[in-house]
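Let's go through this one by asking how each label is earned. Have a look at the structure first.

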Amino acid sequence: FHARLTAAGRAWNDRIAASADSAKLSYRVSGRGTGSVATEITAGRHRFLVDEPAALAGDDVAASPVEFALGALISCQVVVYRLYAQALGIVLDDVEIDAEGDLDVRKLFGIDESGRAGFSAVRLHVKLTGPETAERYAELQAAVDAHCPVLDLFQNPVPTSVTLV
């Protein structure tokens, strides 16, 4: 995978050097309700289901939206750890990440409007393995935390508009 990371990095550097606007990407994903409260998501040529457990009226045929959110955070972190390990010349044999998110459903169900509907806290537990020192892996973590797009989504408000059609 190192060769693929190097090739992708070079291609993006060349593309952006030729036109700064090529660094600006837009993503489109769509969803349609299915089952009790499940959603079939289409992202490009990929399709997947999102559901809820029975306790939240779901059929429990797939992970929940908040589990997918944590999964998106983990997978983005893994990509950026690998990318920056290579960029910084840090040997990284493996990366494993567990995520925990705290959610109070009182706002979801309209019981108490004072709290957040989303996570009140998220904890990532990152395990890096390889021959480097703890200081080098701390340097890598700082680079990842500064450059991970999904971590940025969790840590900063994103202007979001909703249009009812």
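Q: What makes the three strands an open sheet, and in what order do they come?
A: The order is 1-2-3 with antiparallel pairing, and the edge strands, strand 1 (30–34) and strand 3 (46–50), each pair on one side only. Strands here are DSSP runs (E, at least two residues), numbered from the N terminus. From one strand to the next, the twist averages 25°. By the way, this is a predicted model, where local features need pLDDT of at least 70, side-chain atom pairs count only at pLDDT 80 or more, and totals for chains, interfaces and linings use all residues. Residues are numbered from 1 along each chain as its sequence is written, and side-chain values use heavy atoms, with hydrogens and water left out.

Q: How do you know that strand 1 and strand 2 pair?
A: Pairing takes at least two bridges found by DSSP. Strand 1 and strand 2 (residues 38–43) have five bridges, in the antiparallel sense, so they count as paired. In one of these, Gly-31 has Ile-41 of strand 2 as its bridge partner.

Q: Which element gives the most to the lining of the largest pocket?
A: That's helix 2 (65–88), with 12 residues; a helix is a DSSP run of H or I, at least four residues long. The lining has 29 residues, with Tyr-27, Ser-75, Cys-76, Val-79 and Pro-149 nearest the centre.

Q: How many residues in that lining are nonpolar?
A: The lining of the largest pocket has 20 nonpolar, eight polar and one charged residues. Ala, Val, Leu, Ile, Met, Phe, Trp, Tyr, Cys and Pro count as nonpolar, Asp, Glu, Lys and Arg as charged, and the others, Gly among them, as polar.

Q: What makes a space a pocket here, rather than a cavity?
A: On a 1 Å grid over the protein atoms alone, a pocket is an open set of points with protein on both sides within 12 Å along at least five of seven lines, whereas in a cavity a 1.4 Å probe fits but cannot get out; lining residues have an atom within 4 Å of a point.

Methods. Axes are lines fitted to C-alpha atoms, for helices over the stretch in contact, and angles run from 0 to 180 degrees between N-to-C directions.
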